[in-house]
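Student: Could you take me on a close look at one part of this model, the place where two of its chains meet? I'd like to see how the pieces fit into one picture.

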Protein chains: 4
Amino acid sequence: MTVLKEVEKNYGQLKLYINGEWVESESADIYDSVNPATGETIATFPSATEAEVQQAIESAQSALQTWKTVPLRDKARYLFDLRGKFEEHFDMLCRVLVQDHGRTMGEAVGTLRRCIENIESACSALLLLTKGDYINELARTIDQTLYMEPRGVFLIVTPNNIPMHAWSSYVPYAIASGCPVIVSPSKDDPVCLKAIFEVAAEVKGFPPGLMNLVYGGRNINNMILEHPHVKGVGFIGSTHVGLKLFEQAGRLGKEASINGNGKNHVVLMPDADFDSAVSGLLRGCYGMAGQRCLGADNILVIGDGYDRFKDAFVKASAEMKMGYGLDDTTELGPLVSERGRQNILDFIEKGINEGADLILDGRDPRVDRCEKGFFVGPTIFENVDADMYIAREESFGPVANLMKVADLDEAIDLINNKDDYGHSACIFTKSGTSARKFTKQVDVGNIGINVAVPQPYAFFPLGSKNASAQGCAKSRIDSMRLFLDQKTITERWV
Amino acid sequence: MTVLKEVEKNYGQLKLYINGEWVESESADIYDSVNPATGETIATFPSATEAEVQQAIESAQSALQTWKTVPLRDKARYLFDLRGKFEEHFDMLCRVLVQDHGRTMGEAVGTLRRCIENIESACSALLLLTKGDYINELARTIDQTLYMEPRGVFLIVTPNNIPMHAWSSYVPYAIASGCPVIVSPSKDDPVCLKAIFEVAAEVKGFPPGLMNLVYGGRNINNMILEHPHVKGVGFIGSTHVGLKLFEQAGRLGKEASINGNGKNHVVLMPDADFDSAVSGLLRGCYGMAGQRCLGADNILVIGDGYDRFKDAFVKASAEMKMGYGLDDTTELGPLVSERGRQNILDFIEKGINEGADLILDGRDPRVDRCEKGFFVGPTIFENVDADMYIAREESFGPVANLMKVADLDEAIDLINNKDDYGHSACIFTKSGTSARKFTKQVDVGNIGINVAVPQPYAFFPLGSKNASAQGCAKSRIDSMRLFLDQKTITERWV
Amino acid sequence: MTVLKEVEKNYGQLKLYINGEWVESESADIYDSVNPATGETIATFPSATEAEVQQAIESAQSALQTWKTVPLRDKARYLFDLRGKFEEHFDMLCRVLVQDHGRTMGEAVGTLRRCIENIESACSALLLLTKGDYINELARTIDQTLYMEPRGVFLIVTPNNIPMHAWSSYVPYAIASGCPVIVSPSKDDPVCLKAIFEVAAEVKGFPPGLMNLVYGGRNINNMILEHPHVKGVGFIGSTHVGLKLFEQAGRLGKEASINGNGKNHVVLMPDADFDSAVSGLLRGCYGMAGQRCLGADNILVIGDGYDRFKDAFVKASAEMKMGYGLDDTTELGPLVSERGRQNILDFIEKGINEGADLILDGRDPRVDRCEKGFFVGPTIFENVDADMYIAREESFGPVANLMKVADLDEAIDLINNKDDYGHSACIFTKSGTSARKFTKQVDVGNIGINVAVPQPYAFFPLGSKNASAQGCAKSRIDSMRLFLDQKTITERWV
Amino acid sequence: MTVLKEVEKNYGQLKLYINGEWVESESADIYDSVNPATGETIATFPSATEAEVQQAIESAQSALQTWKTVPLRDKARYLFDLRGKFEEHFDMLCRVLVQDHGRTMGEAVGTLRRCIENIESACSALLLLTKGDYINELARTIDQTLYMEPRGVFLIVTPNNIPMHAWSSYVPYAIASGCPVIVSPSKDDPVCLKAIFEVAAEVKGFPPGLMNLVYGGRNINNMILEHPHVKGVGFIGSTHVGLKLFEQAGRLGKEASINGNGKNHVVLMPDADFDSAVSGLLRGCYGMAGQRCLGADNILVIGDGYDRFKDAFVKASAEMKMGYGLDDTTELGPLVSERGRQNILDFIEKGINEGADLILDGRDPRVDRCEKGFFVGPTIFENVDADMYIAREESFGPVANLMKVADLDEAIDLINNKDDYGHSACIFTKSGTSARKFTKQVDVGNIGINVAVPQPYAFFPLGSKNASAQGCAKSRIDSMRLFLDQKTITERWV
């Protein structure tokens, strides 16, 4: 067993990042940031004052004009440099993520690679997707050009489960598009954003105000979006909060790209490779302690193999080793917060009350050396009815529901009729025909075939649907559409 | 002088088009459609009942499923056939547009060509823009695919000034994307939509319910957008109404593409070719009787040439021949409605009261053989201050404001600070440097250089900005983004 | 049984189409065009004289300049009109194809739909792929534009097996790109091209010289390609002739897109649906009397099912009804020429001599009412060794080879090592894993899964490889790259 | 004056880079590499033996298979890392380029930035341009996919004038496409390539054999291209040699992308800003000592300003400071080789003999501290006739021809009729109309407006035409088309 060192034991009080400088807040409204594996406070941070928020917006607006005058070839250079800085500080960022959010080190490495892929994708987007179009001789003596302009300043809201990944899902693209941002992170893991901003601040060439960081969460989000300089919002978080921002944007005539909750199904066909399915589902159900939007929730087992699968899955689940992510033998970390842990416990309670059978109970795990951590162990229900609350709402924890279904048609019907969300659905099968049918008929945004977490690459949008996503520009490379506006030029020179 | 025949003298009571059939409405709420050049009623039409609207939505939802199963190669065939039908009925459509809206025949021909270009553009979009992406070996043994699915049923709202063009700016693209539509036209020229639907109905292969037509205007728009089957709205009309729909869509978590009013500026540099500018401005200020979103409103003249330009422009304006569009000598048609005419008269009154000088008064024109038509002649103000109401709000009639400005910088400042809208701005100059400066610095969506109406081609969006447009997917080919949703597939076959 | 009427019994002597006019050749070198089902001469045609070829080239060069000045929106209109003309004359074109080439009516209908799809695809390419790119502020004060220009006049060579389809694989794209063409068809079915040119001539708007038709085949191809005005060649035909043209183009510094022969394999996995495979293979092996580049040649059967498949396939093959394509019960037409028939007979003889077992012999078929036609019936070999001539060279007739292989790896090895060509390879299986493995590992250009003729859609290139294709721009939409050249503009206006 | 240190005084005998290792050649055929500013030998290098060339090809072929199995996300990571390595060694690479080629330090910095931009562009191309296309339900139950495969091993030939830039114009794109390369550099500056390969070798993840470096020039190029594993060639160099490779590729059925000589014109309109033109032309005519394909050759002056321009240009030319590029006051470096210098001297002699007037003679410059360098000073002819040898062939040295022309039409005619090449043409003017006319009518590939070296950005092709370029895939991002082949998959799962 190797135990990695923490980056720092305590970060003290976090500063805001406004107009290219680290600024001590004048706020009296101070919060704690807690390491969820140890329960220790690792930083305190302020909820930014209204004046500070205004300064951030003004500096962003000013950066909009400066950044516009930077030639494309230089913008590209700085964004590629940002990618280099992330490689340089890769290990530090991973360890901060483990410490502040509760991931395992392996999960953190995966996350940071995904973050870098987003920066790489944004570099590519800057070069290849900000180009305009040109038509020679559209009409007699008339040429026409379409080119792209940044829409303006944007609010970017990051959630507690993927603080760094969410940053990377919008911010590099905003910069590539020419749009300065105000980043407003969740109050559960602010150190993650601080670390990212420190890395980004090392890049020479970004004008002050291009990226701003203000803590405060929901308190300040609405205030920011209301400001006339702010042209829209990119949000990853709960459907509940997201829909409110979408409504606010609608009222203000602004743009919004919203990513919310999900409730994801995995179908096991009788011809599936069960070993592969079990191993995929451990990652799908318990990865990031179940706090991921594309994770697996309801496992629909078709046919006779139910008992065989159940035995294997319960056994493997029960054996997962919980602990602090910096310990390299840890397979499952804590929930991000005590509130998060309480929510799961309530969720499990609700399932029991609804009549589902709890066949693996993770509510009171014993985790050596992490007695004060916010842990919940792998938890499995069976005999879950499709209409139960636990079958329809996201647990946001390491909870799996086993459900028997008669055949593929029934599974597809269940998903299409009972899943109001639309993040993902997966199937394990050897049959090309079953896979195609599932793909075409299931009405969610991300389909997995023989994988349990169908995560799209950075240059694909997270194609989520229905209650899981609003706004016609999605995250990742698709957000270029959120940030870029179009201008046409009709020229006649005779 | 040639006078073309009207298509029909009177179309009787118009029917709704629901589920592939012409349906007589049960509504008691009946309106007149009037030929604005003659004042004669040419049709009556009902405001659809709630039940009829529901039927339209249900039939559209059913067409969504049917149309999905039609192979791409067949969809393409039918859409190309639709283009052929428009060519076949080209002349009829032009004459209906003249008769119902009040355009001149020349304007109608131009409009119909633009409509066909939209269908051509939608054909191309269907073939080339609905394709998904495929990544081979994204990760070890994993391939990934992104493909497009129709979002669902859409409401399309068409305005009174460009009834056919607005239809073509959304509907062919909706069909290409797989989305059925409910078209809700303005109550001022419903015969235009009836004519288009008759032409479209001739195409073999479109499933019933793919395109529905219900009259009723604002009465029914909100009702349609509220329905759970309806996933969004494409709207062309007033900013006032558009913003309300955008807010409604925000509240409902739905998509909206909104195009509203504008107030467009044309700058004349001292080095401009004044003959060319005058001739362009006659079209820009008075084309479609001033009822076009990209038309010219405020003419900013720089330098000594002001008087020379003014004399030439007033003279040419005064000579424009008004009349019925089917008379081939007509250069300027009526306003689309008596209400429209009243609004212009009020607008002119307001300008006089604000202290602008009315140097050409079109309020009481004499139009032979069209005594009951809704005519207003070319109207020109000078000494217009940039803060006056008439300088900042759209007249929606044949009204031009002459304004002197000192230099290009002042002109750009004026446009950027006084135009809350963002449709278009034009410059007449011989200098490449002035043209580039204007293009880059003016904050509107459509720039014209030595043209007075910078209309983008069908496969460019109408790149309007600020108060003129909401929603990150715009009209024309850009609306593919409104109608198409994305789905990712992550596959692992080992 | 319905027998359709021939378009005409005899077309007399065909004219050349030069500079927008039908021109009687002064050549004394006259050939016959024969209906291969009846053996009757249906037309005579000249091999164009050198002077006539020069005129065609000059008129094309002149059209290059004219066509350049036609605005994009008009070019689009004419190309869409061309598509309409093909729909209008659809039935005539099908019947000419049956009469001149020997297809069945069903095959002709399929072919003509594919031709129209190529025109549709070219329409789309004109609108969406001829656009240039624009970069705003690439460097300080510098903008950059890339736009497309036609390369110049091109030679298009069409083969005897797909005279119309080959035309559609290059010519509409050449026109969309702005490049005039000289079409040089095979001497076996010249009436097909005459019919197409008559249809195209009905389009108003194409300048004279945009499309020229000269008969003469190889006699004149080299002469045309040698001319300085001619910038390259698009060729579909034999690998032997294609490679010579490619070499000539290389020597001249010109562009070439060459499509040649193939030898295609179909793998039947033990889990395949044999009924579906047999039905697919009838079309794959005998469609167009085996004269298609993506048709099936070698059938590799894996596992125990060999005898079951063989029995079913031989039985179904033997029952195919031969006859004149205009008879609607005909399932299999003649070879395109007596020479073609002789080649197959020689091919079969060679197979027998090599030691393969002829288990269905189609060499002397009895075809009622077509006693003089060039028929060969379905012919099947078994015990074919992978190194035999008949296993490695294209028969260009209705000949199938049955071969047993041990497993999928052996099948893939055989294809990759014995197929010097690279048109296509197919697999019939229910397994997603087998399908993916086959797709990724087989080194040919077009893979089929559970289909026997993996024909790409018009807006995909015919992705053939190795000896089957030369030139980095392929046919169909990919040929836009052949025809279009690029120009950059670097602008600085200060 | 600052004089930068040389990287090393002498590099000894250079090694080959084969299969990921630096290999001492067994060749007895050894050449010198000379610092052209000092005349000192800085390295010796072998002409690789046939066996060594074979090893390079074999190792490349083996890398083809390995690199194919590396997931796209990892390929991207390594290519972005390569970009980082170039930034890290930026200064070293600049100084090697100065030392081995003779550039000034300022030119070297510019070149290296362009090289990095090519890597950035290739990174983007890997992510966004290697994706395939997917069509859902093309025909009933049939989906179709197009994806990209590397064509195989390529020969890349780099010239003596832009050794590093040429590497970057093909190699990063080859790697992004999956194609291993054999790089064969000019014998004039081999240390440049050695330095690049050392930098690239630091990237972890590239398989051995992906990039190979063999010295020998023309001796080995044909041998490499002839090898069956080698699928084509990317070449930058002389038209003479390029056309031979193009012919060879044609004979072999392989792909070639060829960039050759040019003869570029700059037009000065009477309304041009002469100061800006003179300053641009100093760079255009003498930058890289005139050894650049887009540099300026013939200056066409229109109108009365000729004498004024001439005086200013001659004076500024005469004042340019020659010297060793590592001296930071140097404005003009030496020719790359003694042979290069002799060629210019012959060229100038020819001009004098043809009757042109030599008004600035750079043949015998005095360059302090560089007495043995290969220097030629700025040289200007006037009264040059458009048909003279010096007006039609590239000097490849710091030679400018002044020519008077009557008007823009004459200038355009001259360029279109006398320039057999097609690299570039520039105009200096204030008029948008003159600029557009020039852009549209001049038949070369790269147009400059108010710039003298219209160099396209990395993600634009060098759009050269006519004798300057062969092959339908050009360099830079366009070379993705050279390296990538296409494969279609037609799937039916029912």
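Tutor: Happy to! This is a predicted model, so let's begin with a strand pairing that crosses from one chain to the other. S18(C) pairs with strand S20 of chain D, residues 484-492, in the parallel sense, over four bridges. Within S20(D), D:Ile489 is the residue that C:Ile447 stands opposite.

Now step back to the whole interface. On one side, 62 residues of chain C make contact, and they meet 61 residues of chain D. The size of an interface is often given as the accessible area lost when the parts come together. For chain C and chain D the buried area is about 4,800 Å², with 55% of it on carbon and sulfur atoms.

Polar and charged groups take part as well. Between chain C and chain D there are six salt bridges. One of them joins C:Asp485 to D:Lys474, with 2.6 Å between the closest N and O atoms. The interface also has 36 residue pairs in polar contact, both partners being at pLDDT 80 or more.

Which elements of chain C build its side? Those that each supply at least two residues include strand S5 (132-139), strand S6 (142-150), helix H8 (239-252) and helix H14 (432-441). Strand S18 (446-449) and strand S20 (484-492) of chain C are also among them. The largest share, eight residues, comes from S20(C). Sorted by class, the side of chain C that touches chain D holds 23 nonpolar, 21 polar and 18 charged residues.

Notes:
Residues are numbered from 1 along each chain as its sequence is written. Chains are lettered from A and ligands numbered from 1 in the order in which they are written. This is a predicted model: local features need pLDDT of at least 70, side-chain atom pairs count only at pLDDT 80 or more; totals for chains, interfaces and linings use all residues. Side-chain values use heavy atoms; hydrogens and water are left out. Contact means heavy atoms within 4.5 Å. Buried area is the accessible area (1.4 Å probe) that two parts lose on being put together, summed over both. A salt bridge is a side-chain nitrogen of Lys or Arg within 4 Å of a carboxyl oxygen of Asp or Glu. A polar contact is a pair of N or O atoms within 3.5 Å; within protein, one must be able to donate a hydrogen and the other to accept it, and residues adjacent in sequence count only if both atoms are side-chain atoms. Ala, Val, Leu, Ile, Met, Phe, Trp, Tyr, Cys and Pro count as nonpolar, Asp, Glu, Lys and Arg as charged, and the others, Gly among them, as polar. Two strands pair if DSSP finds at least two bridges between them.
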